[in-house]
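Let us take a walk through this structure together. We will start where two chains meet and finish inside a cavity.

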2 protein chains.
Amino acid sequence: MNHEEVILRRIVGYNLKRANSAVLATLQQVLGPLGLRRVTFSALAVIRSHPGLRQSDLAEILAIDRPNMVLIVHELEAAGFITRTRSQEDRRAYELRATPKGECVSEQSVDAVFDFDRGITEGIGEEERIMLIGLLNRIEANATAMGGEK
Amino acid sequence: MNHEEVILRRIVGYNLKRANSAVLATLQQVLGPLGLRRVTFSALAVIRSHPGLRQSDLAEILAIDRPNMVLIVHELEAAGFITRTRSQEDRRAYELRATPKGECVSEQSVDAVFDFDRGITEGIGEEERIMLIGLLNRIEANATAMGGEK
DNA sequence: TATTGTTATACTCTATAACTATA
DNA sequence: TATAGTTATAGAGTATAACAATA
């Protein structure tokens, strides 16, 4: 049953979706044992490298709606990976920081995800890999520009 | 706030996810007016080019679990885009075929999606585009091989 | 026994409106 | 008035177990 290749497989967006789904399913097997899912992994990594970052800034960086970010930071806080402290300058805002435990788990998980990323790009050279990231960013920018101008 | 680029943006899987999310959001704006969503578009396109295809074969082609495929084909049938007839050879199975209306909508939507796909790959040459699809397929295969061997 | 389609279910992800407290 | 965080909610997408009809 290879005829479908002639149709959908010519569409970049379809291959993008198939690749993303396959990657996500396997990535969850890597992050699960560390007590993380894809989105909490990403959030923790950004918080770790931006101590004191605000929730709304984190949401913007990760392109996640603020209401959904609430659950994510609460999950990270409940796991003991981050602290949320009121900002002195703006008492509406929370400053996010990784705890020592969170630092440790973030470092471990970033290492694991980089290993994983090398696994899924097995057989792809370093130059191609750089170019691939460039192409994906181009697509993201094009799609965002074509879509709703929020 | 560009420091996150140094971390997550080096991960192919993260850029893949960002590109896929941006593409999906904009694609829905294209397919919605045609009465389709991404997965019903894909299913209809495959059914159209494989008249008499079975539901379970369609599910396997699209990598969708059978229980979820039930809703998809019912949606396409309710919209008048496909028919489901009992197979004479195997009376457990349904044969799927596009109706004239379904053929028309499928042709329109495939054209629209190809246009859309050219839009999101604007600035990417034809050679690069072919290579990109090859890289995405490689990643999908690698991730699938690394994941659960179902 | 195995397979096709089905039901029920549940969990994740995402998106919107409306609220509160602060600014 | 506007913004940060929150609540509630609803719609997709996805995954598993168990069933009836048929093979």
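Across the interface of chain A and chain B, how many residue pairs are in polar contact? The rule finds 18 such pairs, with both residues at pLDDT 80 or more. A polar contact here is a pair of N or O atoms within 3.5 Å; within protein, one must be able to donate a hydrogen and the other to accept it, and residues adjacent in sequence count only if both atoms are side-chain atoms. Helices H1 (4-7), H2, H3 (38-49), H4 (55-62), H6 (100-120) and H7 (126-146) of chain A each supply at least two residues of the side that touches chain B. The most comes from H7(A), with 15 residues. Sorted by class, this side of chain A has 30 nonpolar, 17 polar and 12 charged residues. (Ala, Val, Leu, Ile, Met, Phe, Trp, Tyr, Cys and Pro count as nonpolar, Asp, Glu, Lys and Arg as charged, and the others, Gly among them, as polar.)

Before going on, please keep in mind that this is a predicted model, in which local features need pLDDT of at least 70, side-chain atom pairs count only at pLDDT 80 or more, and totals for chains, interfaces and linings use all residues. Residues are numbered from 1 along each chain as its sequence is written, chains are lettered from A and ligands numbered from 1 in the order in which they are written, and side-chain values use heavy atoms, with hydrogens and water left out.

Back to the interface. Chain A brings 59 residues to the contact and chain B brings 59 residues, where contact means heavy atoms within 4.5 Å. Together the two chains bury about 5700 Å², 70% of it on carbon and sulfur atoms; buried area is the accessible area (1.4 Å probe) that two parts lose on being put together, summed over both. A:Val12, A:Leu135 and A:Glu140 supply 10% of the area that chain A buries against chain B, more than any other three residues. A:Glu140 also meets B:Arg18 in a salt bridge between side chains (3.3 Å, N to O). The count between the chains is four salt bridges, each a side-chain nitrogen of Lys or Arg within 4 Å of a carboxyl oxygen of Asp or Glu.

Now look at chain A by itself. Chain A has seven helices and three strands; helices (H or I, at least four residues) and strands (E, at least two) are DSSP runs, numbered from the N terminus. The elements follow the order α-α-α-β-α-α-β-β-α-α from the N terminus on.Finally, the lining of the largest cavity (points on a 1 Å grid over the protein atoms alone where a 1.4 Å probe fits but cannot get out; lining residues have an atom within 4 Å of a point) takes four residues, its largest share, from H6(B).
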